[in-house]
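Visitor: Got a minute to walk me through this one? I'd like the short tour.
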Amino acid sequence: MPHADPEERRRYRKAYMRAKRAQLGSELKAKEAAWSAAYYRANRQKRVQNALSWNKANPDSHRSSSRKWRKNHPEKDREYGHVKHSRRRSAKGQFTLADWRSLVGRSPRCYWCRRTWTVARKPTHDHVIALSNGGDNSPENSVCACKECNSRKGNRTFHPINGQGILL
Ligand SMILES: [Zn+2]
């Protein structure tokens, strides 16, 4: 296989692009740039509006698009996974499998929305104060939440359903 070495491949691609650009010529390049700038300007308002209404119609869009992004960037996803993992490791406190089992045993429903568990709605480990906000990885800071509430809450410190501040 030619250019099996990634460094070699990169060099090859660079040289190819340089040659291609030269071949296209500066006149054509200028024309293209002017056209795309005009198109960009003409459609800016429309694009913004489209994005806004789409977001409104798809409240979960961010989640699904980030899922798509993760799928397309598995190496980045792993990297962020490590960040999360190390956050969990470096957080104060300790939450063991036994703690989780005991918490699930005491939690017949989602801590936030109070809906009971179903096959589709399984309990997930939610930190009342997110680890990224300095919360402890301890049983005291842990509740069982459905996936929906867990991700809606994110790292904020307010109730994911009624939006009120969480009293600890
Ligand atoms: Zn819930």
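Guide: Sure, starting with a term: helices (H or I, at least four residues) and strands (E, at least two) are DSSP runs, numbered from the N terminus. Val143, for instance, sits in strand β2. This is a predicted model, where local features need pLDDT of at least 70, side-chain atom pairs count only at pLDDT 80 or more, and totals for chains, interfaces and linings use all residues. Residues are numbered from 1 along each chain as its sequence is written.

Visitor: How many helices and strands does the protein chain have?
Guide: There are 7 helices and 2 strands in the protein chain. Their order from the N terminus is α-α-α-α-α-α-β-β-α.

Visitor: And how do β1 and β2 pair?
Guide: They run antiparallel, with 4 bridges. Strands count as paired if DSSP finds at least two bridges between them. In that pairing, Asp126 is opposite Val143 of β2, and the C-alpha atoms of Val143 and Asp126 are 5.3 Å apart, with their positions 17 residues apart along the chain.

Visitor: Back to Val143, then. Is Val143 buried or exposed?
Guide: Val143 is buried, because 20 other C-beta atoms lie within 10 Å. The cut-offs: buried is 20 or more other C-beta atoms within 10 Å of a residue's own, exposed is 12 or fewer, and partly exposed is in between, with C-beta atoms placed from the backbone.

Visitor: What does Val143 touch?
Guide: Leaving out residues up to four places away in sequence, Val143 touches Tyr111, Asp126 and Val128. Contact means that the two C-beta atoms, placed from the backbone, lie within 7 Å.

Visitor: Which way do the β2 residues point?
Guide: Ser142 and Cys144 point one way, Val143 and Ala145 the other, and all are buried. In a regular strand, side chains alternate between the two faces of the sheet.

Visitor: Which residues make up the largest nonpolar core?
Guide: Its 7 residues are Cys110, Trp112, Val143, Cys144, Ala145, Cys146 and Cys149. Strand β2 (residues 142-145) gives the largest share, 3 residues. A nonpolar core here is a set of buried Ala, Val, Leu, Ile, Met, Phe, Trp, Tyr and Cys residues joined through C-beta atoms within 7 Å.

Visitor: Where does Cys146 lie?
Guide: In the loop between β2 and α7 (147-153). Cys146 counts as buried because it has 25 C-beta neighbours inside 10 Å. Beyond four places in sequence, Cys146 touches Cys110, Cys113, Arg115, Arg121 and Thr124.

Visitor: New topic: which residue has a positive phi although it is not a glycine?
Guide: Arg114, at about 65 degrees. Most residues other than glycine have a negative phi. Arg114 is in the loop between α6 (97-106) and β1 (124-127), and Arg114 is exposed, because only 11 other C-beta atoms lie within 10 Å.

Visitor: Last one: what share of the 168 residues is buried?
Guide: Buried residues are 9% of the protein chain.
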